[in-house]
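Me: Please take a close look at one part of this model, the second pocket and the residues around it, and then set that part against the rest of the protein. Plain prose will do.

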Amino acid sequence: RDLLDEKDVDAVMQQLRTRGDGGPVLEGLRPIFFFWAQIMKATFDLLVLPHHTQIVAMIMLLDFVESGERPDCRALVAEIGTGEGKSAVIACLALYCVTVLNKKVHVVVDDENLCERDFNTFLPLFQKISKTSGAPVVAHLCVENPKKAEEAGTTTATYYKPRVDENADIVYCEAKHIESFYTRLAKQGGVNLQKVYAERVLVLDEVDALIIDEAIN
């Protein structure tokens, strides 16, 4: 089919919005895919749909998250090649965890500029989605440099925070912000950290940044 034809594009969008029988995970992702396609269509006049690699990665990772903690496996690593849409996978995973699983998500990107780029890219999508309670999804970006917020403009600057907000649903940040967040909670005292862990999902953009020792031998 010629997807450049506007009628065909509308038909695909309608099909994407109509609930099907793809299973609970795919049906939970369907509205996220629809709104992202809608945003991309309005912005670039292009029909953008998730490809097989992205969908397989999302199903695999979400199955792991939904299955609960396992005594022999507490983390899952998935390799996604350059150009295969890892940033979109992460944003969709975060939204699913918030809107379907009622969890909060910390997305760790080990570079402030890339973190800011990814957050701003998917902020319109985060703003489109509501939680099961009907409340909007609250997304923040952690930046230490106050000038970053000033440069972002008044519309976007409200989403820029100097540290992780425990009430935010989705937070894009660096590893140091996560360390600071849990250190702050531990110092407060009287906080059930196991409960805090259980209520949150940690998504690492680049696992290498946390597991490779860069110290001089």
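Reply: Leucine 16 touches Arg30, Phe33, Phe34, Ala37 and Leu49, when residues up to four places away in sequence are not counted. The model is a predicted one, and the contacts described here are computed from it. Leucine 16 is part of helix α1. Its C-alpha atom is separated by 6.0 Å from that of phenylalanine 34, a residue 18 positions away along the chain. With a relative accessible area of 15%, leucine 16 counts as buried, because the limit for that class is under 20%.

Leucine 16 is also one of the residues that line the second largest pocket. Others in that lining include Arg30, Phe33 and Leu49, and these three are also among the contacts of leucine 16. The remaining lining residues are Val12, Gln15, Thr18, Gly22, Leu26, Glu27, Pro50 and Ile55. Two elements, α1 (6-17) and α2 (24-44), give two or more residues each to this lining. The largest share comes from α2, with 4 residues. By class, the lining divides into 7 nonpolar, 3 polar and 2 charged residues. The volume of this pocket is about 280 Å³.

Aspartate 45 is found in the loop between α2 and α3. Its phi is positive, about 55°, although the residue is not a glycine. Aspartate 45 counts as exposed, because its relative accessibility is 53% and the class begins over 50%. Asparagine 102 can be described in similar terms: its phi is near 55°, again a positive value in a residue other than glycine. Asparagine 102 sits in the loop between α4 and β1 (104-108), and is exposed, with a relative accessible area of 54%.

The largest pocket holds about 1400 Å³ of space. It is lined by 41 residues, and those closest to its centre are Ala75, Leu76, Val201, Leu202 and Val203. At least two lining residues come from each of α3 (52-66), α4 (86-99), α8 (175-188), α9 (193-198) and β5 (200-204). Helix α4 gives the most, 6 residues. The lining of the largest pocket is made up of 23 nonpolar, 8 polar and 10 charged residues.

Helix α4 also gives the most to the largest nonpolar core, with 11 residues. That core has 49 residues, and the members that touch the most others are Leu29, Leu125, Phe126, Ile170 and Tyr172. In soluble globular proteins, nonpolar side chains tend to be buried together. Beyond its neighbours within four places in sequence, tyrosine 172 is in contact with Ile90, Ala91, Val107, Val109, Cys115, Asp118, Phe119, Phe126, His140, Leu141 and Cys142. A second, separate core has 11 residues, including Val164, Val171, Phe181 and Tyr182.

One contact of tyrosine 172 is aspartate 118, a residue of helix α5 (residues 112-128). Aspartate 118 is a charged residue by class that counts as buried, at 6% relative accessibility. Leaving aside neighbours within four places in sequence, aspartate 118 is in contact with Ser87, Tyr172 and Asp205.

Histidine 177, in helix α8, is buried as well, with a relative accessible area of 4%. With neighbours within four places in sequence set aside, its contacts are Cys142, Glu144, Pro162 and Val164. Of these, Cys142 is also a contact of tyrosine 172, and Val164 belongs to the second core.

For the protein as a whole, there are 10 helices and 5 strands. Of its 217 residues, 38% count as buried. Among contacts with a separation of 6 or more, 65% are between residues 24 or more positions apart. The accessible surface comes to about 12900 Å², and 52% of that area belongs to carbon and sulfur atoms.

Notes: Residues are numbered from 1 along each chain as its sequence is written. This is a predicted model: local features need pLDDT of at least 70, side-chain atom pairs count only at pLDDT 80 or more; totals for chains, interfaces and linings use all residues. Side-chain values use heavy atoms; hydrogens and water are left out. On a 1 Å grid over the protein atoms alone, a cavity is a set of points where a 1.4 Å probe fits but cannot get out, and a pocket is an open set with protein on both sides within 12 Å along at least five of seven lines; lining residues have an atom within 4 Å of a point. Grid points are joined across faces, edges and corners, and a volume is the space filled by probe spheres set on the points. Buried means under 20% relative accessible area, exposed over 50%, partly exposed in between (1.4 Å probe, protein chains only). Contact means heavy atoms within 4.5 Å. Accessible areas come from the Shrake-Rupley method with a 1.4 Å probe; for residues, only the protein chains shown count as cover. A nonpolar core is a set of buried Ala, Val, Leu, Ile, Met, Phe, Trp, Tyr and Cys residues joined through side-chain atoms within 4.5 Å.
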